[in-house]
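Hi,

Here is the structure I promised to send over. Have a look at it first, and then read on for what turned up.

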Amino acid sequence: METNSSGRPLKSHEWVMSDIRKQLEEGRLATGQRLPSVVDLAAQYGVGRSTVREALSALKAMGMLDIRQGGGTFVKAAAAEPQHPGLLHPESWVDRAASLRQILEVRRVLETGCASLAARNRSEADLHGLAGILREMEAHLGDEARSEQADVRFHQQMAAATHNPVLADLMGSLSQKLHDSMRDTRALWFYAERSSAERLLREHQAIYDAIAARNGAEASARMELHIAKVEQVLGENGAGI
């Protein structure tokens, strides 16, 4: 049986998803190509139709497939190279970059500490809440607006998991600023990593795993790494543009 990077055996739908994804990444399934029907794929992999549908839905959420109601499943074109947000809004970027830099400085001080304290104080209910947000982020990988909202809630839930009401209130007071800055923050992260929403989800998963393991140093380090990536791109070559 195949395993993932941590050695955990893949579930049936994960195995099917992994195999189809490999074919997509290796170019064996071309852009615009129609995949076999759910019935045919189920027979090919020796699994149930619901397993195939779950695998296809996950690949659709990653932006790799287009599932047309009653029309079949097709390979989508590769996502465009991530752009620096300053190229999209050059007229307002100087002011936005200055504001974002200040917010990132606050987040570095506040959230690295929150991550460490959450690892020490979290309850099972806190983990359940964080895990639920991660599932929502995964389910909406192709919907940036909903992913962005879930991203903000993840950070707020992490602050609540510290069980320090002052820290939770501080994060709550930053809620609107986090919403306002998160789009630029995520765009800069994608630009720095030349990566995808799926990679960003894994970064949040790593923070969650450290909190679940009560490893405060690792949780803090993971949060620091995320903020440092964004700050680096923001500071390079006149904010990168």
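Keep in mind that this is a predicted model. To start with the whole chain: among contacts in the protein with a separation of 6 or more, 69% are between residues 24 or more positions apart. The protein has 241 residues, and 41% of them count as buried. Its secondary structure comes to eleven helices and two strands, and from the N terminus on the order is α-α-α-β-β-α-α-α-α-α-α-α-α.

Now the cores. The largest nonpolar one has 44 residues, and those with the most contacts inside it are Phe154, Met158, Leu188, Tyr208, Ile211 and Leu234. At least two residues of this core come from each of H5 (93-121), H6, H7 (144-160), H8 (165-173), H9 (175-193), H10 (197-212) and H11 (216-235). H5 gives the most, with ten residues. There is also a second, separate core of 17 residues, and Leu24, Leu29, Ala42 and Val52 are included in it. As background, nonpolar side chains tend to be buried together in soluble globular proteins.

Val52 takes us to helix H3, where it is one of the buried residues, along with Thr51, Ala55, Leu56, Leu59 and Ala61. What do the buried residues of H3 pack against? Their partners are helix H1 (12-25), helix H2 (38-45), strand E1 (65-68), strand E2 (72-75) and H6. The length of H3 (residues 49-61) checks out too: at 1.5 Å a residue, its 13 residues should span 18 Å, and the end C-alpha atoms are 18 Å apart, so the two agree. After H3 comes Gly63, which has a positive phi, near 80°.

Next, H6 and H10. Their axes come within 11 Å and cross at roughly 165°. An angle over 145 degrees counts as roughly antiparallel, so that is how H6 lies relative to H10. The crossing of H6 past H10 is left-handed. On the H6 side, the residues that meet H10 are Leu127, Leu130, Ala131, Leu134, Met137 and Glu138, and on the H10 side they are Leu201, His204, Gln205, Tyr208, Ile211 and Ala212. Tyr208 and Ile211 also appeared above, among the residues with the most contacts inside the largest core.

One last residue in H6: is Glu124 buried or exposed? Its relative accessibility is 58%, so Glu124 counts as exposed. Glu124 belongs to H6, which covers residues 124-139. Its C-alpha atom is separated by 9.7 Å from that of Ala161, 37 residues apart along the chain.

Cheers

Technical notes
Residues numbered from 1 in each chain as written. Predicted model: local features only at pLDDT ≥ 70, side-chain atom pairs only at ≥ 80, totals over all residues. Heavy atoms only, no water. Helix = DSSP H or I, 4+ residues; strand = E, 2+ residues; numbered from the N terminus. Buried < 20%, exposed > 50% of the residue type's maximum accessible area, 1.4 Å probe, protein only. Expected span 1.5 Å × (residues − 1). Contact = heavy atoms within 4.5 Å. Core = buried A, V, L, I, M, F, W, Y, C linked by side-chain atoms within 4.5 Å. Axes fitted to C-alpha atoms, helices over the stretch in contact; angles between N-to-C directions. Parallel < 35°, antiparallel > 145°, perpendicular 65-115°, else oblique. Left-handed = near helix turned anticlockwise from the far one by under 90°.
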